[in-house]
Amino acid sequence: MMRFAYVNGRFCAHPDAAIHVEDRGFQFADAVYEVWSVRDGRLMDADGHFQRLSRSLAELRIPEPRSRPALERIIRELLRRNRVSNGLVYLQISRGQARRDHAFPKQAITPTIVLTCKRLDFAAADRRAETGIGVITVPDQRWARCDIKTVNLLPNVLAKQAAYEAGAAEAWQVDADGYVTEGSSTNAWIVTKAGKLLTRQADNGILHGITRARILDCAQRLGLEIEERAFTPAEALDAREAFLTSATSFVTPVVSIDGKTVANGAPGSLARALRETYLAEA
Ligand code: PDD
């Protein structure tokens, strides 16, 4: 089946979709992105992702190239053309194309906008949630503004690759003080032996996950005790449960860390309850 992308105002065949060699996203990672899951044809947590997109652009002083209604129209058409009703939408906006120079171009340039989508097998994700996954820990090598969703993802790429090479599914990054920041593309959580739900505070050291915010909301309504604070890998290994969250994996139990099992090595009941609550409302 023919795939389509959207680049700077045009839908085009996916193999022909291209940007200029002097695009600042390509040369400097001077670009932001967003990822929405699509379930039964609908964008999940649409508001949160659009709001975070606006914030990321504002933080980098990149003008918004399209209004939200315009973006939503483009996304609907992209999903229709690609016949995707369960999957994800990827949106990237760079500062634009200019003669290579580190500082912003003196003259205003038009941001580059790219959208793609693909199908995802949510049944496979459900099966992963039933068995749980393993994570490894790696040093967090990223910059000081991980709250901005930029395409500056090389440390995340290397962390994920290290996880795969170790036979794990995700890498939990650990800061210089020995605390877990987040996964390479997910937020990290534990449930302590006393039953308290912990996830790192939404500071500049992590991406403020939209799923994270929704899960905090679900947890509150389930009456769970919650604390937003950093935890160490040792605390995670001593926990009753561990799990991760993201737009495409929802809530996925973590059953081993660096090859050592968490609790009894089976997914925990709170992770399951949170996943079910989140998906029931999504
Ligand atoms: N990743 N932390 C990082 C570093 C991420 O890249 C992501 C998202 C998250 C979870 O955020 P959210 O719940 O808003 O998806 C946390 C996306 C899915 C990606 O890069 O594909």
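Domain bounds here come from an automatic or database domain assignment. On that basis, domain 1 (4-120) and domain 2 (125-281) both give residues to the shell around the ligand, so the ligand lies between them. This is a predicted model, in which local features need pLDDT of at least 70 and side-chain atom pairs count only at pLDDT 80 or more, while totals for chains, interfaces and linings use all residues. Residues are numbered from 1 along each chain as its sequence is written, and side-chain values use heavy atoms, with hydrogens and water left out.

**The shell**
- The ligand is surrounded by 19 residues (each with a heavy atom within 4 Å of it), and the closest are Tyr33, Glu182, Ile210, Thr211 and Ala247.
- By residue class, the shell divides into five nonpolar, 11 polar and three charged residues, where Tyr and Ala count as nonpolar, Glu as charged and Gly as polar.

**Polar contacts (pairs of N or O atoms within 3.5 Å)**
- A side-chain N or O atom of Tyr33 is 2.8 Å from an oxygen atom of the ligand, and a side-chain N or O atom of Thr211 is 2.6 Å from an oxygen atom of the ligand.
- At Ser185 a backbone N or O atom lies 3.3 Å from a nitrogen atom of the ligand.

**Burial**
- Taken alone, the ligand exposes 480 Å² (Shrake-Rupley method, 1.4 Å probe), and the protein buries 90% of that area.

Definitions and conventions
A polar contact is a pair of N or O atoms within 3.5 Å; within protein, one must be able to donate a hydrogen and the other to accept it, and residues adjacent in sequence count only if both atoms are side-chain atoms.
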